[in-house]
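Hi everyone, thanks for making time this morning. Let's have the structure up on the screen, and I'll walk you through the parts I'd like you to look at.

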Amino acid sequence: MTVLDPDLNADSSATGSKKLPRQRDHALRVEPMMALEWSHAIEAAGGDGIADSPAQSRRAWIHRADEQQVLTLFRAVGPQAPAPWWLRALDRGKIASRAAAFAVEDEVTRLLATRPGWVFVPWASEGEVGYWEFVPSESGVYGPAEPTTVQFTDRHPGFVDLLPAHRGPGQRQPIEFTPGELREQIEDLENIA
């Protein structure tokens, strides 16, 4: 992005002149706008309606562009930039590729999308993939609760966290799963909720 030096016209106000500086008279200052570029990179493009699976929410530049280009831009912006779990895992060498990460998301989707009571919530934090909620776990004898939630994570090699339904104060503690472990235990998890 090209920005003119804001002090170039400082003297013109005193003389009443409205003359703008010519480029050759003064050097231009160029400022990188990585944060802005990154926000465009993670912004979902087009698409109708609300996504009902992670695959339907893969509409941003980071999902389509060359994987190395995505990593390069992410690294230039820095590790605190909003990003999906898989990009943080890919950056740290915890997952082999973006395609492998999408396979994890798709495996969980195949399991939960076919089970009654599970709903995909696409509005996670900026840049992040959505999560799954088990709606029947939202209410109970003691009033409303945070429902049982399945979300993707880069914290461990299974890449799936289960957050049990929660009522009252305090934070929910995630339980680490792999997609296969989730598949094996899903009925028990639903019965507990």
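**Helix packing and a few residues**

Let me start with a pair of helices. Helix H2, residues 34–42, packs on helix H4, residues 67–77, at an angle of about 140 degrees, and the two axes are 10 Å apart. That angle makes H2 oblique to H4. If you rotate the view, you can see that H2 passes H4 in a left-handed crossing. And which residues make the contact? From H2 there are Met34, Glu37, Trp38 and Ala41, and from H4 there are Val70, Leu73, Phe74, Ala76 and Val77. Sorted by class, that contact has 8 nonpolar residues, no polar ones and 1 charged one.

I should say that this is a predicted model, so please keep that in mind as we go on.

Let me zoom out for a moment. The protein has 7 helices and 9 strands. It has 193 residues, and 36% of them count as buried. Taking the contacts with a separation of 6 or more, 43% are between residues 24 or more positions apart.

Now back to that first pair of helices, and to a residue that touches H4. Trp61 is found in helix H3, which covers residues 61–64. Is Trp61 buried, exposed or something in between? Its relative accessibility is 26%, so Trp61 counts as partly exposed. Setting aside neighbours within four places in sequence, Trp61 is in contact with Ala41, Glu43, Gln69, Val70 and Leu73. Some of those names you have just heard: Ala41 is on the H2 side of the helix contact, and Val70 and Leu73 are on the H4 side. Trp61 and Ala45 are also worth a look, with their positions 16 residues apart in sequence and a C-alpha to C-alpha distance of 7.8 Å.

Next, please find helix H6, residues 98–112. At 1.5 Å a residue, its 15 residues should span 21 Å, and the end C-alpha atoms are 21 Å apart, so the two agree. Which residues of H6 are buried? They are Arg98, Ala101, Phe102, Val104, Glu105, Val108, Thr109, Leu111 and Leu112. As a reminder, an α-helix has 3.6 residues a turn, so residues three or four places apart point the same way.

H6 has a partner too. H6 and helix H7, residues 179–192, pack at an angle of about 10 degrees, with their axes 10 Å apart. The two helices are therefore roughly parallel to each other. On the H6 side you'll find Val104, Glu107, Val108, Leu111 and Leu112, and they meet Pro179, Gly180, Leu182, Arg183 and Ile186 of H7. By class, the residues of this contact divide into 7 nonpolar, 1 polar and 2 charged.

While we're on H7, have a look at Glu187, which has its place in that helix. Glu187 has a relative accessible area of 53%, so it is exposed. Its C-alpha atom is separated by 9.7 Å from that of Arg115, 72 residues away along the chain.

One last stop, and it's in a loop. Phe159 lies between strand S7, residues 148–152, and strand S8, residues 160–163. What is its phi angle? Phi of Phe159 is near 65 degrees, a positive value in a residue other than glycine. With 8% relative accessibility, Phe159 counts as buried.

That's my tour. Thanks for listening, and I'm happy to go back to any view.

Note on methods: Residues numbered from 1 in each chain as written. Predicted model: local features only at pLDDT ≥ 70, side-chain atom pairs only at ≥ 80, totals over all residues. Heavy atoms only, no water. Helix = DSSP H or I, 4+ residues; strand = E, 2+ residues; numbered from the N terminus. Expected span 1.5 Å × (residues − 1). Buried < 20%, exposed > 50% of the residue type's maximum accessible area, 1.4 Å probe, protein only. Axes fitted to C-alpha atoms, helices over the stretch in contact; angles between N-to-C directions. Parallel < 35°, antiparallel > 145°, perpendicular 65-115°, else oblique. Left-handed = near helix turned anticlockwise from the far one by under 90°. Contact = heavy atoms within 4.5 Å. Nonpolar A, V, L, I, M, F, W, Y, C, P; charged D, E, K, R; others polar.
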